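Work through these exercises with the model open. Try each task before you read its solution.

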Amino acid sequence: MKDRKASQLLESFLDGRSAPCPDCGYDLRDLEFGDERPICPECGGQIRIEVRLLKDHWNLRERKRRRGGSLVVKIVIAVFVAFILLTILANVALMLTGR
Ligand SMILES: [Zn+2]
């Protein structure tokens, strides 16, 4: 039952739309499977329709994650530089006041 529905979804996807077989590149456009298992007529590989995330989406998430990581590094460096500057200023102030 589920297979028939998936097969119908695949048929309507291929209806008027060119799509190469992932294995052999045969154009699966307008194929109908009826009650048969959906297979590529050229190589005999089984075909199915599925949901996937785009690779670009993953890259975007990864870039955001890395940017977040580098922000933490920038903050640590900024705090370190501020600490050094304050230490230098405190020493200069001590030298000027002569204590
Ligand atoms: Zn094929």
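The exercises below concern a predicted model.

**Exercise 1. Overall form**

Task: Find how many helices and strands the protein chain has, and set its radius of gyration against that of a compact globule.

Solution.
- Step 1. Count the elements. The protein chain has two helices and zero strands.
- Step 2. Take the reference value. A compact globule of 99 residues would have a radius of gyration near 13 Å.
- Step 3. Compare. The protein chain has 31 Å instead.
- Step 4. Look at the box. Along the principal axes, the C-alpha atoms fill roughly 95 × 30 × 20 Å.
- Step 5. Check burial. Buried residues make up 5% of the 99 residues.
- Step 6. Check the contacts. Of those with a separation of 6 or more, 24% join residues 24 or more positions apart.

**Exercise 2. Two domains**

Task: State where the domain bounds lie and what distance separates the centres of domain 1 and domain 2.

Solution.
- Step 1. Read the assignment. Domain 1 covers 1-51, and domain 2 covers 53-99.
- Step 2. Take the centres over C-alpha atoms. They are separated by 54 Å.
- Step 3. Add a residue pair. S7 and T87 are 80 residues apart along the chain, and their C-alpha atoms are separated by 72 Å.
- Step 4. Place T87. It is found in helix α2. T87 counts as exposed because it has 10 C-beta neighbours inside 10 Å, and the cut-off for exposed is 12 or fewer.

**Exercise 3. The length and sides of α1**

Task: Test whether the span of helix α1 fits its 13 residues, then sort its residues into buried and exposed.

Solution.
- Step 1. Work out the expected span. Helix α1 runs over residues 2-14, and at 1.5 Å a residue it should span 18 Å. The rise is multiplied by one less than the number of residues.
- Step 2. Check the ends. The end C-alpha atoms of α1 are 18 Å apart, so expectation and model agree.
- Step 3. List the buried residues. In α1, S7, L10 and L14 are buried. They lie on the same side of α1 because they cover an arc of only 60° around the axis.
- Step 4. Turn to the other side of α1. There K2, K5 and S12 are exposed.
- Step 5. Step past the end. Just after α1, G16 takes a positive phi of about 75°.

**Exercise 4. The loop between α1 and α2**

Task: For R17, G25 and D30, decide: buried or exposed?

Solution.
- Step 1. Locate R17. It lies in the loop between α1 and α2.
- Step 2. Count its neighbours. R17 has 11 C-beta neighbours inside 10 Å, so it counts as exposed.
- Step 3. Find a partner in space. R17 and L28 are 11 residues apart along the chain, and their C-alpha atoms are separated by 8.3 Å.
- Step 4. Move to G25. This residue lies in the loop between α1 and α2 (55-97). With 11 C-beta neighbours inside 10 Å, G25 counts as exposed.
- Step 5. Pair G25 with C43. They are 18 residues apart in sequence, and 9.3 Å apart from C-alpha to C-alpha.
- Step 6. Finish with D30. It is found in the loop between α1 and α2. D30 counts as exposed, because 11 C-beta neighbours lie inside 10 Å.

**Exercise 5. An uncommon phi**

Task: What sign does the phi of D30 have?

Solution.
- Step 1. Recall the rule. Most residues other than glycine have a negative phi.
- Step 2. Read the angle. Phi of D30 is near 65°, a positive value in a residue other than glycine.

Conventions
Residues are numbered from 1 along each chain as its sequence is written. This is a predicted model: local features need pLDDT of at least 70, side-chain atom pairs count only at pLDDT 80 or more; totals for chains, interfaces and linings use all residues. Helices (H or I, at least four residues) and strands (E, at least two) are DSSP runs, numbered from the N terminus. A residue is buried if 20 or more other C-beta atoms lie within 10 Å of its own, exposed if 12 or fewer, and partly exposed in between; C-beta atoms are placed from the backbone. The arc is that of the directions from the helix axis to the C-beta atoms. Domain bounds come from an automatic or database domain assignment. The radius of gyration is taken over C-alpha atoms; the globule rule is 2.2 Å times the number of residues to the power 0.38. Two residues are in contact if their C-beta atoms, placed from the backbone, lie within 7 Å.
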